[in-house]
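Ready for some practice in reading a structure? Work through each exercise yourself before you look at its solution.

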Amino acid sequence: MSLLYRTVWKDTTEPDRHAVIDLALEYFSRWALDNPEATALCEGETIADGKVVTVRLLDNDSGYGVEACSRDERLSAVWSVTMRALATDTAVHVWIDVDMETDDPTQRVVVGGPRLVNDLLALPGRPALGVNNIVADVVGITATEIALLVDLLRSADRTLPFIVVSAPASGTDPLWQERARRIAQRTRGIATVIVLDETATASFKAKLGPLAVWNGAVRTYVPAPLETEADGWRHRYVPSSALAGASGAAAADRIVYAVAQLSTRRRVPAELRVFTGNDRNSVDQTLVEQVREELQFEVDLAHDELADVQRELARANGHLERLRRALEAQGLVDLYWGTSQAQEDVGDASRPETVQDVSEAVAAARTYLSAWLTIAPSAARELQGIDTSPNAFALGNSAWRGLQALAAYAQAKQAGTGGNFWSWCERGEAFSWPASSKRLAMRESETLRNGRHAESRIFEVDPQVGLGPRVFMEAHLKVSEGGGALAPRIYFYDDTDGATGRIHVGFVGPHFLVPNSKA
């Protein structure tokens, strides 16, 4: 079972805490039965319209509470929403989880808080998580309140992500506030959505500089340092161009998925653990050992990848130093120091040095590498899980580096360089990719080529290649060996010696979509 969403809050302001618990059960019953006139369900199991609803009541020295769960089977998945509410001597505590289990790992999942969360936020009191109040709708901030917002974003005590939506230039995007409202609906209980009008956006940028958000973009400020430009990568920035048009819904999904993933790692307060029983005492030690071995495997892979990166960095630094000496010998050393990339302004066409995730890497490649690289319209697949994983930033920039390597190779081939991609990388050319079996494969095994998994390597390609609309691709970049089923792969077809003189990328996505006999 996968935990997709978790919200936890407490209220210390309402004196009649037992009445709040009774109301919580009543609201849950109306929501679960989809009947605004329903009364509170009794303890036990109820089956209604295919849903299985269970209620457990608690009244002892730990407090007065209720645990209620609704299980609903839809298509090939079972969705569970569990509410736990407890009144103690000092507060009302609420805990809501959304879980999903399925036999189809490719099923697309739309994540968001259930309507129940909004109903429960209407209970008497002032719900909060730590120092942050839990709000049910967007919060508008004026220019005079920007200093307070910045102090809050930089506070070490902040417990919730803040999704800041900036106003676009007048009239360029009339739907921006509606987009913010929809994001707020899906992230109730796990994030606060802030909207800034044009004046407030200008003040925000003046206060935070490159760490701000402007021109219709959206930025998610997680509870993490926000002091220097080096902190910018922690706080995901989505430009207005990604939010508009057909790709806008997917970009909004990634914003929601990111904060939902953060919420699932939230620890349950000690008071609410009364509902979990003595589960710790019944842990399967075999399972614990299996998990330990899997984690150790991931650590070993991470060390290998770190060593590869360190070798690549040392090589790049050596190349940079040779370039500096050559320019110095020609009396052009000022040219070297003058090319340090400053913070890009909006509208600057310079190729970005970093991206936020794999989806942004694909978008950047289509924008900046199109002279050498063709990415099929259907290439990016099932990236939601990758883009919202804890190492989304690292995976995104590894993918961006790989796409730049493919483009640099195609550019070199157009200039007359010989050999294939592997030999070009093995020579240590600038922008090259590690030429090792752990990071690059030019062919699949004979077993796979002749087996049932071969069909999963047939991808869309530009008809100008001359092989039809789809072609078998076996050369691929292993963006990450770790990460299991989500480890990204980039499959490509080398036509640099063919009709187009380009590299064609047919697939960018998780490993589970391109399985092999070992998977």
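**Exercise 1.** In this predicted model, find what lies 3.0 Å from a polar atom of the side chain of Arg489.

*Solution.*
Step 1: Locate Arg489, which sits in strand β19, spanning residues 488-495.
Step 2: Look around the polar atoms of its side chain; the backbone oxygen of Ser480 is 3.0 Å from one of them.
Step 3: Widen the view. Setting aside neighbours within four places in sequence, Arg489 also touches other residues, including His476, Glu481, Phe507 and His511.

**Exercise 2.** Decide whether Arg489 is buried or exposed.

*Solution.*
Step 1: Take its relative accessible area, 5%.
Step 2: Compare this with the cut-off: buried means under 20%.
Step 3: Arg489 is therefore buried, given its value of 5%.

**Exercise 3.** Find how many cavities of 30 Å³ or more the whole structure has, and describe the lining of each.

*Solution.*
Step 1: The search gives two such cavities.
Step 2: The largest cavity holds about 70 Å³ of space. Among the residues lining it are Trp9, Asp11, Leu120 and Arg126. Strands and a helix take part: β1 (2-11), β6 (92-102) and α2 (115-121) each give two or more residues to this lining.
Step 3: Sort that lining by class, and you get nine nonpolar, one polar and two charged residues.
Step 4: Turn to the second largest cavity, with about 30 Å³ of space. Its lining includes Val135, Asp137, Thr187 and Arg188.
Step 5: Sorting this second lining gives five nonpolar, two polar and two charged residues.

Definitions and conventions
Residues numbered from 1 in each chain as written. Predicted model: local features only at pLDDT ≥ 70, side-chain atom pairs only at ≥ 80, totals over all residues. Heavy atoms only, no water. Helix = DSSP H or I, 4+ residues; strand = E, 2+ residues; numbered from the N terminus. Buried < 20%, exposed > 50% of the residue type's maximum accessible area, 1.4 Å probe, protein only. Polar contact = N/O pair within 3.5 Å; in protein donor to acceptor, adjacent residues only side chain to side chain. Contact = heavy atoms within 4.5 Å. 1 Å grid on protein atoms, 1.4 Å probe; cavity = no way out; pocket = protein on both sides within 12 Å on 5 of 7 lines; lining within 4 Å. Points joined across faces, edges and corners; volume = space filled by probe spheres on them. Nonpolar A, V, L, I, M, F, W, Y, C, P; charged D, E, K, R; others polar.
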